[in-house]
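Look at how two helices pack in this predicted model. Then follow the nonpolar residues outward from there.

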Amino acid sequence: MTRQLRLFLILLGLALASLATTGQALAHAALTKTVPADGAVIASAPSAFSLSFSEPVSPLVLRLIGPDGTSRPLTHFTLTDRTLAIAAPSALANGTHVLSWRVVSEDGHPVGGSVLFSVGAPSGAPDLAASQTEPTVRVVLWLGKLGLLLGLALGIGGVAFMAWVAPLPVAARRPIAGFLLLGLLSLPVAFAAQGLDSLALPLSGVLQLAVWKAAAASSFGRTALIAILALLVALLALFVPSRSGRLLAALAWLGLGAALAASGHASAAEPQLLTRPAVFLHAIGMAGWAGALLPLAFALRQADGAQALQRFSQRIPALLLVILLSGGALAIVQVERPQALLTTPYGLVLTGKLVLVAALIGLGAFNRYRLTETVVSGLAGARALLTQIIAAEIVIIVAILAVVALWRFTPPPRALAAAAAQPASVHIHTDKAMADISVTPGRTGPVTITVSLLDGAFGPLAAKELRLALSRPEAGIEPIERQAIKQADGSWQIGDLTLPVAGRWTVELEILVSDFEMTRLKETLDIRP
Amino acid sequence: MKSLSLAALVAAFTAGPALAHVTLETQQAPVGSTYKAVLRVPHGCKGAATTRVRVRIPEGVIAVKPMPKPGWTLETTKGKYEKSYDYYGTPTVEGVTEVSWSGGKLLDEHYDEFVLRAYLTADLKPETTLYVPVVQECEGGAVERWIEIPAAGKSADDYKFPAPGLKLIPKK
């Protein structure tokens, strides 16, 4: 029988059926069998699919949604009795596919559903660290962050020298003021790039108000505000008499710590009671050490330079201890597992930074335990060598800050794990029943769905059965149906499900309250990519 | 593709009255009268043979007398009503609440009818639809539950498993 003839007969049957007043009892078609089976994992791509129904049907829409979310119509099919054989597109990719079908049965009632199957293995979770921002924006963001960090570490850190070591050599003022200005100029650059990055806009979008609003709304907005104040106070400290200058310098130094503690991956980590103070101390210690190098180099040119060097040598171990303890604590929180140091981008950045820091500490230790004494005792050659080593140290510090600025682009393992596990959930409340539905993780890939049921008055709802249907009408995905399994704690669970595409899914619960009572709940749920 | 769009057209024009599912033969009756319910079972559960048919008697329907069926075991469950109903002058507070025919075998490719007689009390509201939930049990543990009662503003067509309905009309 040709397709057209068959359809004509269905049409004729329908016409006759609608003529009869109460009608002959025809039936909705129900899906009785599919190849591949719903939820199946098959070794190699099938060349054909088949759908068998309880009644004769005619297809309305047949669609295959691939693991990458692309949807294609399936137009080659044959009907044999009640089975619909569909030719599969060639070269199906590995991963989870959705065969979405909508057919019309003899009673004229369209029915639809979806069959999930995976070629090779179910689709894994996509890479979260991938960014959508264009490279130039990221380079500008990195440069802006680096300029800001240089301004904070070498500018404010340089001013801090007068707070904890000795008065600033006059010649050091100009380069330090230069770094402070660099920080002030870099701030708007980093700020705008932050806004562009969060909206995933190209560089040309910089004039849009929304970009600046987005940056201000991010935690970096707070950092920027505190940093501007700290930089200005530091600039002021350079030009006021020594007593109030020292006070202002200390204030700017504390402001620097507060600015860096106000945003960033490390400050956002739990436990906040540990991480925020740790970032604060780490920033203060880092800037104190790094910022002292430039004034020291200039001090060594002066006659009283040895005195400043001696004080620095006495006080630096305490500062170094603060840096190492706070940094160590943060690394443990962020990296979680030692192997992540080499296997995640975040860990690699940290490893690179630690190598540079080790070199810096090596040079510093040589200075302190070998050179300082000879310089203090007045050997002429020693001063020149020390100045050279300090110059090398400053280069290393710039390199460290350049590496640290990369962290903006590498979420730490902790954050990646947390973001990946974040469930998508929805609460439905009607006068008949309430449901808490939670999809874990709330993103594409394999998921577990947990449903807790209550009756409309917050009492327990002892359901006999629970079926759940997930559909994504905009993507052409008809309901994927699953029977939930009751858990020991009274909740319901569905484990064997892979969500193929992101976006707003419709979730419908079919709650069998008793043999003769059924309640339906329907809501939408956002699944992340 | 041509046939696809044609089929869509067919669907659009004919998705009217629910002709599917377990249905009642007489779909209209006055309140305050005796009604003979003929339940038509057109198919099994996804191909499996029907072995049991259970009917929940809705509130307001009393004096239920199911018709025995050769080859099937007839059972009834009795219970209290929500209130007292008047049955030709006799106050009635309890009676059959569920009827079950079991032990038979109705193949998917066959058709059968299950019959009961009942009194539609005058307390039922005319111009509404009375729904009679039916559970169809089949071989291999399959179950089809024709038990969904449409919410206000919805029709049986909006549901996957609508309960058979009966339009109530004013007392004659």
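The crossing of H2(A) and H12(A) is right-handed. H2 spans residues 135-164 of chain A, and H12 covers residues 380-404 of chain A. Two packed helices are described by the angle between their axes and the distance between the axes. For H2(A) and H12(A), the angle is about 135° and the axes lie 9 Å apart. Angles over 145 degrees would count as roughly antiparallel, and 65 to 115 as roughly perpendicular. H2(A) and H12(A) are therefore oblique to each other.

Which residues of H2(A) and H12(A) meet? H2(A) brings Trp142(A), Leu146(A), Leu149(A), Leu150(A), Ala153(A) and Leu154(A). Across from them, H12(A) offers Ile394(A), Ile397(A), Val398(A), Leu401(A), Ala402(A) and Val404(A). By class, this contact has twelve nonpolar residues, no polar ones and no charged ones.

Now turn to the nonpolar cores. The largest has 76 residues. Within it, Ile156(A), Val159(A), Trp164(A) and Leu180(A) touch the most other members. Several helices of chain A each supply at least two residues of this core, including H2, H3 (173-199), H9 (305-335) and H12. H2(A) gives the most, with 14 residues.

Take Trp164(A) as a close-up. Leaving aside neighbours within four places in sequence, Trp164(A) is in contact with Trp253(A), Gly288(A), Trp289(A) and Ala292(A). Its contacts also include Phe312(A), Arg315(A), Ile316(A) and Leu319(A).

Apart from the largest core lies another, of 35 residues. Among its members are Leu512(A), Val22(B), Val41(B) and Ile147(B).

Notes:
Residues numbered from 1 in each chain as written. Chains lettered and ligands numbered in written order. Predicted model: local features only at pLDDT ≥ 70, side-chain atom pairs only at ≥ 80, totals over all residues. Heavy atoms only, no water. Axes fitted to C-alpha atoms, helices over the stretch in contact; angles between N-to-C directions. Helix = DSSP H or I, 4+ residues; strand = E, 2+ residues; numbered from the N terminus. Parallel < 35°, antiparallel > 145°, perpendicular 65-115°, else oblique. Left-handed = near helix turned anticlockwise from the far one by under 90°. Contact = heavy atoms within 4.5 Å. Nonpolar A, V, L, I, M, F, W, Y, C, P; charged D, E, K, R; others polar. Core = buried A, V, L, I, M, F, W, Y, C linked by side-chain atoms within 4.5 Å. Buried < 20%, exposed > 50% of the residue type's maximum accessible area, 1.4 Å probe, protein only.
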